[in-house]
Amino acid sequence: MSVSRMLFAAVVIHFVASIVVLSATAIAENGEELYVGHCSSCHAPQGRGARGPRLVPFRFSDAEALRLIREPECDMPAFPPSQLSDEQVAAILGYLRSIS
Ligand code: HEC
């Protein structure tokens, strides 16, 4: 491989890597914001638990968590897709896992 090709490859790899890192950060921050806006009034900041149970360490699969949020089996209010999209729920779960 010539030096210029290697340089080009390095630039491409760096570019792709920064996009991956940036979007992962954006998801985590957005998830924290969504958590604070929708969940922390009952589950407390950082998922420590209050009126609602402690959520960290987060032990639910995506499917289980989505079901519990869409159709809670308890006092928790349901969050329909009109209130939180599947992507927003995924961002919240990402946040809870990142602090678990
Ligand atoms: C109005 C208060 C309230 C809000 C807001 C709320 N929850 Fe809950 N949540 C609860 C209560 C109360 C329970 C548990 C009740 C029970 O187990 O009988 C619960 C249970 C849960 C559980 C199951 C936990 C377990 O150990 O069984 C998950 C997961 C959960 N909530 C996630 C969330 C997420 C994510 C949000 C934000 C989108 C949210 N909750 C918003 C009150 C709330």
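## Backbone features between helix 2 and helix 3

Q46 is situated in the loop that joins helix 2 to helix 3, and in this predicted model Q46 has a positive phi of about 60° even though Q46 is not a glycine. With 17 other C-beta atoms within 10 Å, Q46 counts as partly exposed, because that class falls between the 12 or fewer of an exposed residue and the 20 or more of a buried one.

A44 is found in the loop between helix 2 and helix 3, where A44, not a glycine either, has a positive phi of about 70°; A44 is partly exposed, with 15 other C-beta atoms within 10 Å. The loop between helix 2 and helix 3 also holds P57, and the peptide bond leading from V56 to P57 is cis, with omega near -5°.

## Overall fold

The protein chain contains four helices and zero strands, in the order α-α-α-α from the N terminus on. Of its 100 residues, 17% are buried, and among contacts with a separation of 6 or more, 59% link residues 24 or more positions apart.

## Helix 4

Helix 4 covers residues 86–98, and its 13 residues should span 18 Å at 1.5 Å a residue, which agrees with the 18 Å between its end C-alpha atoms. The buried residues of helix 4 are V89, A91, I92, L93, Y95 and L96.

## Surroundings of the ligand

There are 20 residues around the ligand, of which C39, C42, G52, C74 and M76 come nearest. The elements giving two or more residues to this shell are helix 2 (40–43) and helix 3 (62–70). By character, the shell divides into 14 nonpolar, four polar and two charged residues.

How values were computed: Residues numbered from 1 in each chain as written. Predicted model: local features only at pLDDT ≥ 70, side-chain atom pairs only at ≥ 80, totals over all residues. Near = placed C-beta within 6 Å. Nonpolar A, V, L, I, M, F, W, Y, C, P; charged D, E, K, R; others polar. Contact = placed C-beta atoms within 7 Å. Expected span 1.5 Å × (residues − 1).
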